[in-house]
Amino acid sequence: MQKQLVLVADDDAPILRLVRTKLQADGYRVVTATDGQEAVDVFENEQPDIIVLDIMMPRMDGIEALRRIRAESTVPIILLTARTSGRDTVRSLDLGADDYITKPFDPDELSARIAAVLRRTSSVSQPSSQILEYDDVTIELTNRRVMVRGEEVLLSKTEWEVLSLLASNAGRVMTHGEMLARIWGPEFRDETYYLRTWISRIRKKLGDHLDESPLIRTYPGIGYRIETPNNADDAE
């Protein structure tokens, strides 16, 4: 079985060497880039399984590189950032990053985050009903596709994992801890702001409004539930 390929982009040569050595020791193949433009070029040529992007880089920063990669791919992306405010964290996730880690960081933690992201983005649910039909939304679990009013909506891998987990358990309240553990891993059970961010993004893409019979219902302090689909009886 071929080892998974990680692209690491950072303009700090010692950090690149440290991360490459650690990840290779952990069984990954590694390619590197020293600025955002090079990261985009390497991505297009190598098609890595996951990308680690520093935000502050010359020629093209990590945010612009993230935007360009997200325009054509849902490859998992972890951002490296020296910014520690909650606003910067949420903004990074809103731009399409699957996770972030602040500098300075422990290479062991980065490797663990990479493993967690790869684990959750490669998992595929197999529920009993493969197509869920709502008034304006159709979720095709087998094809990993979402249609809103007849138009296909592109979701990132993380957005899809959150939505498909809810859809696979339609009509049941999924607790924060259960969702976090199953998608991000047990070590993320208390990181409820992750869910708030991703649920908000998914609602926006689905046109799901909280004040108009929402498709995804919030149970404060408990979790989330997606409604039972219109075609539930047909699936039985």
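Where does Asn169 lie? Look for the loop that runs between α6 (157-168) and β10 (174-175): Asn169 lies in that loop. Keep in mind as you look around that this is a predicted model.

So is Asn169 buried or exposed? Its relative accessibility is 17%, and since buried means under 20%, Asn169 counts as buried. Leaving aside residues up to four places away in sequence, Asn169 touches Met174 and Arg182.

Arg182 is a handy signpost, as it takes us to helix α7, which covers residues 176-183. How do α6 and α7 sit relative to each other? In general, two packed helices are described by the angle between their axes and the distance between the axes. Here, the axes of α6 and α7 come within 11 Å and cross at roughly 125 degrees. That angle falls between the 65 to 115 range for roughly perpendicular and the over 145 range for roughly antiparallel, so α6 and α7 are oblique to each other. Their crossing is right-handed.

Now zoom in on the contact itself. From α6 come Glu161, Val162, Leu165 and Leu166, while α7 brings Met179, Arg182 and Ile183. Sort these residues by type and you get five nonpolar, two charged and no polar ones. Arg182, then, turns up twice: it touches Asn169 and it takes part in the contact between α6 and α7.

Finally, how confident is the predictor? The protein averages a pLDDT of 84, and 86% of the residues score at least 70. Over residues 124-129, though, the pLDDT is below 50. Beyond near neighbours in sequence, that stretch has six contacts in the model.

Methods
Residues numbered from 1 in each chain as written. Predicted model: local features only at pLDDT ≥ 70, side-chain atom pairs only at ≥ 80, totals over all residues. Heavy atoms only, no water. Helix = DSSP H or I, 4+ residues; strand = E, 2+ residues; numbered from the N terminus. Buried < 20%, exposed > 50% of the residue type's maximum accessible area, 1.4 Å probe, protein only. Contact = heavy atoms within 4.5 Å. Axes fitted to C-alpha atoms, helices over the stretch in contact; angles between N-to-C directions. Parallel < 35°, antiparallel > 145°, perpendicular 65-115°, else oblique. Left-handed = near helix turned anticlockwise from the far one by under 90°. Nonpolar A, V, L, I, M, F, W, Y, C, P; charged D, E, K, R; others polar. pLDDT = per-residue confidence, 0-100.
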